[in-house]
Amino acid sequence: MELGSNSDHSKSTFCLVDEDHTLANSVRFTLNQDPRVTFCGYSIPHPSFNRVNIRVQTTGDPASEVLKDGCLELMLMCKHIRSSFDDALTEFKRSKTN
Amino acid sequence: MNLLVSSSKERERSTTRMSEEDESMAEQSDNGLGLDFILSLDDVPSKLPPHLELFRTRVLCNNDAPIHTDTIHYSGAYGALGVDNSQQFDRFRENFKVEVKRLTDSDMEFDMIGIDPAIANAFRRILISEVPTMAIERVYIANNTSVVQDEVLSHRLGLIPIRVDPRLFEYPDTAGDDNNEKNTIVFRLHERCQVGQPRITVKSDKLKWLPNGSELPSEDVKPNTSSKPKTFTSFTCSQNSLPEFSSNSLDLTDSDIILAKLGPGQEIELEAHAVKGIGRTHAKWSPVATAWYRMLPEVVLLEDFEDEQAEQLVNKCEPNVFDIEDIGKGKRRATVARPRNCTLCRECIRGGKEWEDRISLRRVKHHFIFSIESTGALPPEVLFTEAVKILEDKCERVITEFS
């Protein structure tokens, strides 16, 4: 769910249900490194509710697009981590058998 | 430092002037006098000065407290210095490295280099609480005359790790109680201590897998009907006949977990149903005993430690980080031989200024020594791959939600 204004799409708060620090902190990390982002932070309004609010303010681009790009960046990182992990694993197994 | 500040201020001034005079800037860049030219000047730094680079990449562990513990995320953090701090995926790909250090059936240790704590912590959190496994969730007790209460026995059963690939199963159907061969594993336990015999210990190897599902009737058996009574599961076929199980059999990881002790005449008869779940719901579904990481320790001797002092230093260090080498002429010097052993006990920098100022204990912020201890459902390397996939799925969910 996105909470923002109709006239200015560059500032929005995104409410993610069933998520916690795991995703929110990772996304905050990728978003803060995006030069289009002027502010990004997240909060968990109450520990009993399983949702997080992510606030994104940009220099002009729609906040939802920037958030999606941040997630995409994180996905690419994950894919790369997985492939390098698999490579390191085969390398390790090969060195063990030799 | 003063020089540095003044030069960055100058640069700021020059950039504002340029934004005011866009046209002249265009002209300037045509003549090779634009921003590129300014950045190529010798007194404009292209990378961070050494002391800032140290604070950016290292935690300094001083005698009183560690400092520079945070990581700097903001893309424009060093903008005034002309250094770009934005993350480029290409740069990440160049710098990121994994090195496996140890790998056994149940645990592994590997180095993840060039990654932010936010991501490393996400993997740790997912490993502990979101990678699914199978665990006993429902226990139908037909008879329990042992001293262990039903609820305590059930809890103990729940914590037994089951060696089965959870990817072969579906999550239980929350709407109805349709327990079929795709979401339930049934175990049966029937132990009895005969009167006059010594006490017996019931261990987890007494749990027998029932591939055909539950055998306990779920309702009163009518005496005159010949049809089979309804049970607590509705399997359409035996799990034995499924191709997934013909290759890898289903088992408990440990056969010697004590469940209860039976005195003469006592008996336990029960059926335990295992379902798929995640550690966030209950710790019994957590696939790891522990998953943790630490930053790579770095020990730097700022001044030489020679002869007696070198020996003092080696003796001070319990984890055995330092070694002594001969440097000729009968002189000996301390060296940092095994920095990975450093537990950050800080014993070496205790004992006054003379020690504190000569040794620098640091942690490398983007180098993680990651350890995973599996409970046995999946090997540790598979667990990590699954955790990364789960983070990917989370991102994908957000992307689809806001498109």
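## Helices α1 and α2 of chain A

In this predicted model, helices α1(A) and α2(A) lie roughly perpendicular to each other, since their axes pack at an angle of about 105°, a value inside the 65 to 115 degree range that counts as roughly perpendicular. The axes of α1(A) and α2(A) are 9 Å apart. On the side of α1(A), the residues that meet α2(A) are Ser26(A), Val27(A), Thr30(A) and Leu31(A), and their partners in α2(A) are Val66(A), Leu67(A), Gly70(A), Cys71(A), Glu73(A) and Leu74(A). Sorted by class, this contact of α1(A) with α2(A) consists of 6 nonpolar, 3 polar and 1 charged residues.

## The surroundings of α1(A)

Helix α1(A) is built from 12 residues, and the 16 Å from its first C-alpha to its last is close to the 16 Å expected at 1.5 Å a residue. Because 10 of those 12 residues are buried, α1(A) is largely enclosed by the rest of the structure. The buried residues are Thr22(A), Leu23(A), Ala24(A), Ser26(A), Val27(A), Arg28(A), Phe29(A), Thr30(A), Leu31(A) and Asn32(A).

Which elements do the buried residues of α1(A) pack against? Within chain A they pack against β3 (37-43), β4 (51-58) and α2 (63-97), and from chain B they pack against α6 and α11 (380-401). The surroundings of α1(A) therefore draw on both chains.

## Helix α1(A) against helix α6(B)

Across the chain boundary, helix α1 (residues 21-32) of chain A packs against helix α6 (residues 117-129) of chain B at an angle of about 165°, with 9 Å between their axes. That angle makes α1(A) roughly antiparallel to α6(B), and the crossing of these two helices is left-handed.

The residues of α1(A) that take part are His21(A), Thr22(A), Asn25(A), Ser26(A) and Phe29(A), which meet Ala118(B), Ile119(B), Asn121(B), Ala122(B), Arg125(B) and Ile126(B) of α6(B). By class, the contact of α1(A) with α6(B) holds 5 nonpolar, 5 polar and 1 charged residues. Ser26(A) is listed in this contact, and Ser26(A) is listed in the contact with α2(A) too.

## The chain B side of the contact

Taken as a whole, the contact between the chains involves 35 residues from chain B and 33 residues from chain A. On the side of chain B that touches chain A, the elements that give two or more residues are α5 (89-95), β3 (97-103), α6 and α11 of chain B. Of these, α11(B) gives the most, with 11 residues. The residues on this side of chain B divide into 19 nonpolar, 7 polar and 9 charged.

Two of the contributing helices, α6(B) and α11(B), also pack on each other, with axes that come within 9 Å and cross at roughly 110°. This crossing makes α6(B) roughly perpendicular to α11(B). Ala122(B), Phe123(B), Ile126(B) and Leu127(B) of α6(B) make the contact with Leu383(B), Ala387(B), Val388(B), Ile390(B) and Leu391(B) of α11(B). The residues of this contact divide into 9 nonpolar, no polar and no charged. Ala122(B) and Ile126(B) are named here, and Ala122(B) and Ile126(B) also meet α1(A).

## Chain B as a whole

Chain B has 11 helices and 16 strands, and 26% of its 403 residues count as buried. Among contacts in chain B between residues at least 6 apart in sequence, 71% join residues at least 24 apart.

## Residues in loops

Pro47(A) is found in the loop between β3 and β4 of chain A, and it counts as exposed because it has 7 C-beta neighbours inside 10 Å. Although Pro47(A) and Asp20(A) are 27 residues apart along the chain, their C-alpha atoms are separated by 9.6 Å.

In chain B, Phe232(B) occupies the loop between β9 (208-209) and α8 (243-247) and counts as partly exposed, with 18 C-beta neighbours inside 10 Å. Leaving aside neighbours within four places in sequence, Phe232(B) is in contact with Tyr140(B), Asn179(B), Ser214(B), Leu216(B) and Ser218(B). Two further loop residues of chain B have a positive phi without being glycine: His68(B), at about 55°, and Leu344(B), near 65°. His68(B) lies between β2 (66-67) and α5 of chain B, whereas Leu344(B) lies between β15 (332-336) and α10 (353-356) of chain B. Both are partly exposed, His68(B) with 17 other C-beta atoms within 10 Å and Leu344(B) with 16 other C-beta atoms within 10 Å.

How values were computed: Residues are numbered from 1 along each chain as its sequence is written. Chains are lettered from A and ligands numbered from 1 in the order in which they are written. This is a predicted model: local features need pLDDT of at least 70, side-chain atom pairs count only at pLDDT 80 or more; totals for chains, interfaces and linings use all residues. Axes are lines fitted to C-alpha atoms, for helices over the stretch in contact, and angles run from 0 to 180 degrees between N-to-C directions. Helices (H or I, at least four residues) and strands (E, at least two) are DSSP runs, numbered from the N terminus. Angles under 35 degrees count as roughly parallel, over 145 as roughly antiparallel, 65 to 115 as roughly perpendicular and the rest as oblique. A crossing is left-handed if the near helix is turned anticlockwise from the far one by less than a right angle, and right-handed if clockwise. Two residues are in contact if their C-beta atoms, placed from the backbone, lie within 7 Å. Ala, Val, Leu, Ile, Met, Phe, Trp, Tyr, Cys and Pro count as nonpolar, Asp, Glu, Lys and Arg as charged, and the others, Gly among them, as polar. The expected span of a helix is 1.5 Å times one less than its number of residues. A residue is buried if 20 or more other C-beta atoms lie within 10 Å of its own, exposed if 12 or fewer, and partly exposed in between; C-beta atoms are placed from the backbone.
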